[in-house]
Amino acid sequence: MDHAPDARALEDLWAGDFGDQWVERNGKDFEGRAAFWSGLLQRFPSRRILEVGAAHGENLRHLREHVAPEDIWGLDLNRAALDAIPQVAPGTNAAWGRARELPFRDGFFDLTFTVGLLIHQPDDTLPLVMAELVRTSRRWVLCGEYHADERTDVNYRGQEGVLVKRDYGGLYQQLFPDLVLREEGFLTMEEHGFDRVTYQVFERI
């Protein structure tokens with residue numbers, strides 16, 4: 001990809017006004033997600049959970065109905081997002097950090113996941129981000145991202161090199177052969193409260 005922003009530039013973008021504006025646009029309730037998270041945790045029980053790129057905490061809000069809030073962590077770079085988490089998902093842990101260097105020990109969580117986070121990672125550090133999600137999970141890794149069979153750059157609100165669609169599930173399996181695909185699906189706003197997200201759940205073996 002020519003002239004792609006590097007990881008630090010993208011982190012600065014999302015930590016600043018660009019990220020603040022995202023939180024303001026999307027800081028609302030998505031009640032359709034409740035059924036998805038309830039069913040998923042029944043099929044993939046987890047006591048301690050991490051979302052990387054948690055934004056204002058909407059997913060955390062639904063997770064806390066099934067998992068003790070003190071065992072749920074949401075990590076983000078944007079301070080406006082982190083400030084919102086205590087109101088949206090009271091009792092959960094809001095942590096500042098970079099996806100490429102997670103501040104948690106190996107296998108600390110039962111489930112680590114992203115929803116719309118990998119799409120914003122540059123090519124050179126994407127494998128590192130994915131490795132960090134695998135490293136910090138004891139059992140389950142979930143990725144929920146925009147899918148394309150071939151790598152596809154998308155101009156996002158006038159920004160180039162900020163959003164990339166690709167086969168993220170396939171890339172997980174390519175990079176980490178010890179992951180076994182346990183579930184795959186497609187989530188819509190109308191049915192599930194997610195914006196055209198393809199998700200995969202992997203188990204570490």
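A residue is termed buried when its relative accessible area is under 20%, exposed when that area is over 50%, and partly exposed in between. The legends below describe close-up views of a predicted model.

**Figure 1. Phenylalanine 36 and tyrosine 199 form an edge-to-face ring pair**. Phenylalanine 36 has a relative accessible area of 9%, which is under 20%, and therefore counts as buried. Its partner, tyrosine 199, is likewise buried, at 8%. The centres of the two rings are 5.2 Å apart, and the planes meet at 75 degrees; because this angle is over 60 degrees, the pair is classed as edge-to-face. Phenylalanine 36 belongs to helix α3 and tyrosine 199 to strand β9, so that this contact links parts of the chain 163 residues apart.

**Figure 2. Tryptophan 37 and phenylalanine 113 form a tilted ring pair**. Here the ring centres lie 4.9 Å from each other and the planes are at 50 degrees, so the arrangement is described as tilted. Tryptophan 37 is part of helix α3, whereas phenylalanine 113 is part of strand β4 (residues 109–115); the pair therefore ties together segments 76 residues apart in sequence. Both residues are buried.

**Figure 3. Ring pairs join five aromatic residues into a cluster**. The members are Phe36, Trp37, Phe113, Phe194 and Tyr199. In the structure as a whole, the count of aromatic pairs comes to 14. One member of the cluster, phenylalanine 194, also has a charged neighbour: the charged end of arginine 33 sits over its ring, 4.2 Å from the centre.

**Figure 4. Arginine 196 lies over the face of tyrosine 146**. The distance from arginine 196 to the centre of the tyrosine 146 ring is 5.4 Å.

**Figure 5. A salt bridge connects glutamate 183 with arginine 43**. The closest N and O atoms of the two residues are 2.7 Å apart. Glutamate 183 is located in strand β8 (residues 179–187) and arginine 43 in helix α3 (residues 33–43), so the pair ties together parts of the chain that are 140 residues apart in sequence. Glutamate 183 is buried, with a relative accessibility of 16%, while arginine 43 is partly exposed at 42%.

**Figure 6. Arginine 182 and glutamate 203 meet in a salt bridge**. Their side chains approach to 2.8 Å, N to O. The contact links distant parts of the chain, with arginine 182 in strand β8 and glutamate 203 in strand β9 (residues 197–204), 21 residues apart. Arginine 182 is partly exposed, at 43% relative accessibility; glutamate 203, at 13%, is buried.

**Figure 7. Aspartate 153 is paired with arginine 151 in a salt bridge**. The closest N and O atoms are separated by 2.5 Å. Aspartate 153 is partly exposed, with a relative accessibility of 37%. Arginine 151 is also partly exposed, with a relative accessible area of 32%.

**Figure 8. Shared partners join four charged residues into one salt-bridge network**. The network consists of Glu11, Arg98, Arg100 and Glu101. A search of the whole structure finds 17 salt bridges. Side chains of opposite charge can pair when their charged atoms come close.

Note on methods: Residues numbered from 1 in each chain as written. Predicted model: local features only at pLDDT ≥ 70, side-chain atom pairs only at ≥ 80, totals over all residues. Heavy atoms only, no water. Helix = DSSP H or I, 4+ residues; strand = E, 2+ residues; numbered from the N terminus. Buried < 20%, exposed > 50% of the residue type's maximum accessible area, 1.4 Å probe, protein only. Phe/Tyr/Trp six-rings, centres within 6.5 Å; stacked < 30°, edge-to-face > 60°. Lys NZ or Arg CZ within 6 Å of the ring centre and 35° of its normal.
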